[in-house]
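Student: Could you take me slowly through one turn of this chain, and then follow its neighbouring strands into the rest of the fold? I would like one connected account that I can trace with the model in front of me.

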Amino acid sequence: MAFTRVMDVAEVQEGRPALVVLGDTEVAVFRVENEFYAIDDLCSHAEASLSEGEQFGYIVECPRHGGRFDIRTGKAKHFPAFSPVRTFPVKVEDGSIYIDVEE
């Protein structure tokens, strides 16, 4: 695995997704009860930024058409989205968030 440091844990507030760019990959980072999750930022339905969507616990809603995704699995949970988005391994060490987009 090739983890890359992306930000401090304090930079991600619960309910407020953050966007990070790792090379050509845009990643939405989420915090739920001090656990961190990372998914592809691009909605699989309408190519909108999921980091700009609303977060409801483990669900993020696309700001364009309301498709919803589980941030733990990437699975589409609500029409019109039906294809999953990619998830990325996350680890936290010494107050920093690391993500592996190469897996």
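Tutor: Let us begin with Asn-34, which counts as exposed because its relative accessibility is 53%, a value over the 50% above which a residue is called exposed. Please keep in mind throughout that this is a predicted model. Asn-34 is found in the loop between β3 and β4, and its phi is near 65°, a positive value in a residue other than glycine. Glu-33 has its place in the loop between β3 and β4 as well, and its phi, near 50°, is again positive in a residue other than glycine. At 62% relative accessibility, Glu-33 also counts as exposed.

What does this loop touch elsewhere in the chain? If we leave aside neighbours within four places in sequence, Glu-14 is in contact with Arg-31, Val-32, Glu-33 and Asn-34. Glu-14 itself has its place in the loop between β1 and β2, and with a relative accessible area of 47% it is partly exposed. For a sense of distance across the model, Glu-14 and Lys-77 are 63 residues apart in sequence, while their C-alpha atoms are 20 Å apart in space.

From the loop we can move to the strands on either side of it, β3 and β4, which belong to an open sheet of four strands in the order β2-β3-β4-β9, with antiparallel pairing. The edge strands of this sheet are β2 and β9, residues 87-88, each of which pairs on one side only. At the β9 end, two bridges join β4 to β9, and these strands run antiparallel; within this pairing, Ile-39 has Thr-87 in β9 as its bridge partner.

These strands also take part in the nonpolar interior. The largest nonpolar core has 15 residues, and those with the most contacts inside it are Val-27, Ile-97 and Ile-99. The elements that give two or more residues to this core are β1 (4-8), β2 (18-22), β3 (25-32), β4 and β11 (96-99), and β2 gives the most, with three residues. There is also a second, separate core of 14 residues, which includes Ala-28, Ala-48, Val-60 and Cys-62.

Strand β11 deserves a closer look, for both of its faces are covered: Ser-96 and Tyr-98 on one side, and Ile-97 and Ile-99 on the other, are all buried. β11 pairs with β1 in the antiparallel sense over four bridges, and in this pairing Ile-97 is the bridge partner of Met-7. On the side of β10 (residues 90-93), four bridges join that strand to β11, again running antiparallel, with Glu-93 standing opposite Ser-96. β10 and β11 form a hairpin with two residues between them, and Asp-94 in the turn has a positive phi of about 50°. Beyond its neighbours within four places in sequence, Ile-97 touches a list of residues that includes Val-6, Val-29, Phe-36 and Val-90. Beside it in the strand, Tyr-98 has the charged end of Lys-91 over its ring, 5.8 Å from the ring centre.

Finally, we can return to β4 and follow it towards another part of the fold. The structure holds one aromatic pair, made by Tyr-37 and Tyr-58, whose ring centres are 5.8 Å apart and whose planes stand at 85°, so the pair is edge-to-face. Because Tyr-37 lies in strand β4 (residues 35-40) and Tyr-58 in the loop between β5 (54-56) and β6 (59-61), the pair ties together parts that are 21 residues apart in sequence. Tyr-37 is buried, with a relative accessible area of 17%, whereas Tyr-58, at 27%, counts as partly exposed. Arg-72 lies over the face of Tyr-58, at 4.0 Å from the ring centre.

The strands around Tyr-58 lead into another open sheet of four, in the order β5-β6-β7-β8, with antiparallel pairing. Its edge strands are β5 and β8 (76-78), each pairing on one side only, and neighbouring strands of this sheet are turned by 30° against each other on average, direction ignored. Three bridges join β6 to β7 (residues 68-70), which run antiparallel, and Val-60 has Phe-69 in β7 as its bridge partner.

Technical notes: Residues are numbered from 1 along each chain as its sequence is written. This is a predicted model: local features need pLDDT of at least 70, side-chain atom pairs count only at pLDDT 80 or more; totals for chains, interfaces and linings use all residues. Side-chain values use heavy atoms; hydrogens and water are left out. Rings of Phe, Tyr and Trp (its six-membered ring) pair if their centres lie within 6.5 Å; planes under 30 degrees apart count as stacked, over 60 as edge-to-face and the rest as tilted. Buried means under 20% relative accessible area, exposed over 50%, partly exposed in between (1.4 Å probe, protein chains only). A charge sits over a ring if NZ of Lys or CZ of Arg is within 6 Å of the ring centre and within 35 degrees of the ring normal. A nonpolar core is a set of buried Ala, Val, Leu, Ile, Met, Phe, Trp, Tyr and Cys residues joined through side-chain atoms within 4.5 Å. Contact means heavy atoms within 4.5 Å. Two strands pair if DSSP finds at least two bridges between them. Axes are lines fitted to C-alpha atoms, for helices over the stretch in contact, and angles run from 0 to 180 degrees between N-to-C directions.
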